[in-house]
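User: Hi! I'd like to go through the labels attached to this structure and hear the reasoning behind each of them. Could you show it first?

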Amino acid sequence: MVIGGNLMKIEVEKNSLLNVDAESLIIGIYENIEDSKHLIDEIDTKLDGSIKERIELGDFKGTIGQISTIYTHNKIPAKRILLIGLGKKEDLDYETIRRVIGIAIKKIRSSGVKNSKIWLMGLEKTDLKVEEIAQAIIEGAILGNYKFYRHKTEKLDEIKLIEELTVVYNDLIDEIKNGVRSGRIIAEATNFTRDLTNEPANIATPIYIAEQAKIMAIELGITCNIYGEKEIEEMKMGSFLSVARGSNEPCKLIVLDYNPNKNLDTVVLIGKGITFDTGGISIKPSTGMWEMKQDMAGAAAVIGALKAVAQLNMPLHVIGITPLTENTPGGRNPIFPGDIVESRKGKTIEILNTDAEGRLILIDALDYANEFKPKLVLDIATLTGACTVALGTHASGLFTIDDDLAEQLIKAGEETQERLWRLPLWKDHENVMESKIADVRNINPNSKEGAGASNAAAFLKHFIGDYKWAHIDIAGTDLEYKGKDYTPTGASGVGVRLIVQFLKNWIKQI
Ligand code: BES
Ligand code: ZN
Ligand code: ZN
């Protein structure tokens, strides 16, 4: 079984525009035609002014994502030219590049073309760097070409995917190759995360996810320890186990450890891995419950991020910890509302709602993270419906008491357009989570008081160790409903690009 998305062959070619031999050649054109004059003039000398004609007739305006196909009738080696609008030159950024490439790729593949070339765009804009342009092009292409087709019985041929893509330019080939390499690593890691997340709970069990992580780790030379129930018990993760005991499906704790050098700073990434969230005894309503197969999107993002970090050879010690279990009211001994359990940290928890289970598995990982003496711990989780109510699908929730860390994460969110919006995490939220009969409770039973996403973050904060910490709630962003330019419907793979970008920036400042 292929995992890691639909792998595309990717090349870089040095050539002049009119000599490119291709089934389809994508060329970006700005809205103000003057900004693309050199390209248009060059092609039009061979194509009898056909681009200018389209522009003059108003058929092509160069607005973002607008497409016009030109058949070249053997006047140049490229059989078709796909003009793609870049919008206004002054507004062009990496996100627009990712978007327009995503749009162009889908257009090309819908016509059954299997390989395409792209003329490098955007260099007219002096604030854009060639490496990062190439990275954005490849990200847009690989992410936009993604389809989760493994369970479709049609032939691969009918699925229509671009199989081969070449970035062409007449200069700067080494820089382009570097950008293409990064873009490919990051986008394929994101697609790996999408695959893991899209897979339903009867397939993507904790055992399956652990196997996939192990295969990835062996391939990349990362250490991967997979712990089963007995070991988790020995590690005193009573809170995690209280959730796991409601299921007959064995739980797993994955610890991925990428350490390319001694004496590097350590970062721990923690991902919520509920392979299905029925709610447990506090069972969820049936409408839309299928979405809870994605309640392990945080774990999948952590596994994908480690794949990318290792392939990019980042000079950083990165550990990924993912507790994995179902949350279901069966098993041997499901938790009942009112139960009191003891966490790894030793604090006791009154469980007032078994549907607030993500926080119960995360806190033991947050405490365990301390063993690695990390500088920083990030956790990522589909934690609360309340976060979706606050932010919709447009941003993930960010919670931290560290203003610098918040700023850096928000910046990475802007750069990748996996946006973050900071929500409060105050002492008041922490106080609300104190219990009368145990140390803390897992929900505020007075739901009228609201602030569910902040309360969940505050619950986590009761268990953190001696490190900088931020919590990212992806409950609203893990699933794409409508399909965007380079994010098809289904699992978005959110978190991988964000974390990798954040770590890239972070390395630069240490
Ligand atoms: N997995 C859910 C959160 C969720 C909701 C993710 C919608 C994605 C979309 C989480 O375990 C949960 O059920 N949270 C409860 C908490 C409540 C009981 C305090 C919720 O948000 O309703
Ligand atoms: Zn739940
Ligand atoms: Zn959940």
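Analyst: Happy to. One residue to begin with: serine 182 sits in helix 6 (residues 173-198). Please keep in mind that this is a predicted model.

User: Why is serine 182 called buried?

Analyst: Its relative accessible area is 12%. The label buried applies under 20%, so serine 182 qualifies.

User: What does serine 182 touch, leaving out residues up to four places away in sequence?

Analyst: Its contacts are Gln135, Leu312 and Lys504.

User: Which domains is the chain divided into?

Analyst: Domain 1 covers 9-184 and domain 2 covers 199-509. Their C-alpha centres are 38 Å apart. Across the boundary, 17 residues of domain 1 are in contact with 16 residues of domain 2.

User: What makes the chain as compact as a globular protein of its length?

Analyst: Let me start with its make-up, which is 16 helices and 20 strands. The radius of gyration is 24 Å, and the globule rule gives 24 Å for 510 residues, so the chain is as compact as a globular protein of that length. Along the principal axes, the C-alpha atoms fill a box of roughly 85 × 50 × 45 Å. Of the 510 residues, 59% count as buried. Among contacts with a separation of 6 or more, 77% come from residues 24 or more positions apart.

User: And how much accessible surface does the chain have?

Analyst: About 20,700 Å², with 49% of that belonging to carbon and sulfur atoms.

User: On to the metals. Which protein atoms are donors of the zinc ion (ligand 2)?

Analyst: They are Asp277 (OD), Asp355 (O), Asp355 (OD) and Glu357 (OE), at 2.0 to 2.2 Å from the ion. Along the chain their spacing reads D-x77-D-x1-E.

User: Why is the arrangement around the zinc ion (ligand 2) called irregular?

Analyst: The six donor atoms there subtend angles of 70 to 167 degrees. Six donors count as octahedral if opposite donors are over 155 degrees apart and all others between 65 and 115, and anything else is irregular. The arrangement around the zinc ion (ligand 2) is therefore given as irregular.

User: What is the label for the zinc ion (ligand 3)?

Analyst: That site is octahedral, with angles of 77 to 172 degrees among its six donor atoms. For reference, ideal angles for six octahedral donors are 90 or 180 degrees. The zinc ion (ligand 3) is coordinated by Lys272 (NZ), Asp277 (OD), Asp295 (OD) and Glu357 (OE), at 2.0 to 2.4 Å. These donors follow the spacing K-x4-D-x17-D-x61-E. Within this set, aspartate 277 in strand 10 (residues 273-277) and aspartate 295 in the loop between strand 10 and helix 10 (297-311) form a pair linking distant parts of the chain, 18 residues apart.

User: How do you know that aspartate 277 is a bridge?

Analyst: Aspartate 277 coordinates both the zinc ion (ligand 3) and the zinc ion (ligand 2), and the two ions are 3.2 Å apart.

User: Are these donor residues buried or exposed?

Analyst: Aspartate 277 and aspartate 295 are both buried. Glutamate 357 has a relative accessible area of 0%, so it is buried as well.

User: Why is aspartate 355 called partly exposed, then?

Analyst: Its relative accessibility is 23%. Buried needs a value under 20% and exposed one over 50%, so aspartate 355 falls in between and counts as partly exposed.

Key:
Residues are numbered from 1 along each chain as its sequence is written. Chains are lettered from A and ligands numbered from 1 in the order in which they are written. This is a predicted model: local features need pLDDT of at least 70, side-chain atom pairs count only at pLDDT 80 or more; totals for chains, interfaces and linings use all residues. Side-chain values use heavy atoms; hydrogens and water are left out. Donors are N, O and S atoms within 2.8 Å of the metal (3.2 Å for Na, K and Ca); water is not among the atoms, so sites may look incomplete. Four donors count as tetrahedral if all angles lie between 85 and 135 degrees; four count as square planar and six as octahedral if opposite donors are over 155 degrees apart and all others between 65 and 115; anything else is irregular. Buried means under 20% relative accessible area, exposed over 50%, partly exposed in between (1.4 Å probe, protein chains only). Helices (H or I, at least four residues) and strands (E, at least two) are DSSP runs, numbered from the N terminus. The radius of gyration is taken over C-alpha atoms; the globule rule is 2.2 Å times the number of residues to the power 0.38. Contact means heavy atoms within 4.5 Å. Accessible areas come from the Shrake-Rupley method with a 1.4 Å probe; for residues, only the protein chains shown count as cover. Domain bounds come from an automatic or database domain assignment.
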